[in-house]
Amino acid sequence: MKTSRLILVALLLVGCTSTHQTVVLTADQAKAVAIRLANEKAAAIYHRQPFYDGQPPSFVAGHWIWRQLSTGDIEAIVELAADGSTNSVTLNQLVDRLF
């Protein structure tokens with residue numbers, strides 16, 4: 001009796017194993033996500049959305065890095081995991097004048 005229950009539990013566990021695969025974004029998809037995230041943050045801080053195109057992101061050490069300088073000298077650096085989840089969005093207002 002115990003053996004048959006053990007076999008039944010083992011079969012149920014084997015049937016429940018996950019085959020979850022991580023989806024990796026293409027460069028174009030990562031770029032589109034990065035532009036959207038950069039514009040969302042720029043809209044919240046600077047009340048404008050200056051990012052619309054740019055270089056494709058680089059895939060470095062298992063994640064995407066997209067960096068762009070917009071008009072008005074706002075630099076965006078967006079880091080995404082391979083599956084598109086956000087790691088970080090950084091905006092910098094660059095100033096090149098002397099005080």
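A residue is called buried when its relative accessible area is under 20%, exposed when that area is over 50%, and partly exposed in between. The exercises below apply this definition to a predicted model.

**Exercise 1. Decide whether leucine 80 is buried or exposed, and describe its surroundings.**

Solution. Begin with the position in the fold: leucine 80 is found in strand β3. Next, take its relative accessible area, which is 1%, so leucine 80 counts as buried. Then look for its contacts, leaving aside neighbours within four places in sequence: leucine 80 touches Ala30, Val33, Ala34, Leu37, His63, Trp64, Ser85, Thr86 and Asn87. Finally, compare sequence with space: leucine 80 and isoleucine 65 are 15 residues apart along the chain, while their C-alpha atoms are 6.6 Å apart.

**Exercise 2. Describe how the protein is built along its sequence, and state what share of its residues is buried.**

Solution. Count the elements to begin with: the protein has 2 helices and 4 strands, and along the sequence they follow the pattern α-α-β-β-β-β. Then turn to burial, where the result is that 29% of the 99 residues are buried. For the surface, the exposed area comes to about 7,200 Å², with carbon and sulfur atoms supplying 59% of it. As a last step, consider contacts between residues at least 6 apart in sequence, of which 38% join residues at least 24 apart.

**Exercise 3. Find which residues have the most contacts inside the largest nonpolar core, and which elements contribute to this core.**

Solution. The largest nonpolar core holds 17 residues, and those with the most contacts inside it are Phe51, Trp66, Val78 and Leu80. The elements giving two or more residues to this core are α2 (27-46), β2 (63-69), β3 (74-81) and β4 (86-93). Of these, α2 gives the most, with 7 residues. To see one member of the core in detail, take tryptophan 66: when residues up to four places away in sequence are not counted, tryptophan 66 touches Lys31, Ala34, Ile35, Ala38, Phe51, Asp53, Gln55, Pro56, Pro57, Ala76, Ile77 and Val78.

**Exercise 4. Locate the salt bridges of the structure, and work out how accessible each partner is.**

Solution. Start from the general idea that side chains of opposite charge can pair when their charged atoms come close. A search of the whole structure finds 3 salt bridges, which can be taken in turn.

1. Lysine 31 and aspartate 53 meet through their side chains at 2.8 Å, N to O. This pair links distant parts of the chain, since lysine 31 is in helix α2 and aspartate 53 is in the loop between α2 and β1, 22 residues apart. Lysine 31 counts as buried because its relative accessibility is 16%, whereas aspartate 53, at 42%, is partly exposed.
2. Glutamate 40 pairs with arginine 36, the closest N and O atoms being 3.2 Å apart. Both lie in helix α2, and because they are 4 residues apart there, about one helical turn separates them. Glutamate 40 is partly exposed at 45%, and arginine 36 is partly exposed at 44%.
3. Arginine 67 and glutamate 75 meet at 2.6 Å, N to O. Arginine 67 counts as exposed, with 55% relative accessibility, but glutamate 75 is buried, with a relative accessible area of 11%.

**Exercise 5. Describe the surroundings of glutamine 68.**

Solution. Place glutamine 68 in the fold: this residue lies in strand β2. Its relative accessible area is 18%, so glutamine 68 is buried. Then list its contacts, not counting residues up to four places away in sequence: they are Phe51, Asp53, Gly54, Gln55, Ile74, Glu75 and Ala76. One polar approach can be added, as a polar atom of the glutamine 68 side chain lies 3.5 Å from the backbone nitrogen of glutamine 55.

**Exercise 6. Examine the phi angles of histidine 47 and aspartate 73, and say where these residues lie.**

Solution. Recall that most residues other than glycine have a negative phi. Histidine 47 is not a glycine, yet its phi is positive, at about 60 degrees. This residue lies in the loop between α2 and β1 (58-60), and histidine 47 counts as exposed because its relative accessibility is 70%. Aspartate 73 likewise has a positive phi, near 55 degrees, and is found in the loop between β2 and β3. With a relative accessible area of 32%, aspartate 73 is partly exposed.

How values were computed:
Residues numbered from 1 in each chain as written. Predicted model: local features only at pLDDT ≥ 70, side-chain atom pairs only at ≥ 80, totals over all residues. Heavy atoms only, no water. Core = buried A, V, L, I, M, F, W, Y, C linked by side-chain atoms within 4.5 Å. Buried < 20%, exposed > 50% of the residue type's maximum accessible area, 1.4 Å probe, protein only. Contact = heavy atoms within 4.5 Å. Polar contact = N/O pair within 3.5 Å; in protein donor to acceptor, adjacent residues only side chain to side chain. Salt bridge = Lys/Arg side-chain N within 4 Å of Asp/Glu carboxyl O. Areas by Shrake-Rupley, 256 points an atom, 1.4 Å probe, with all protein chains shown as cover.
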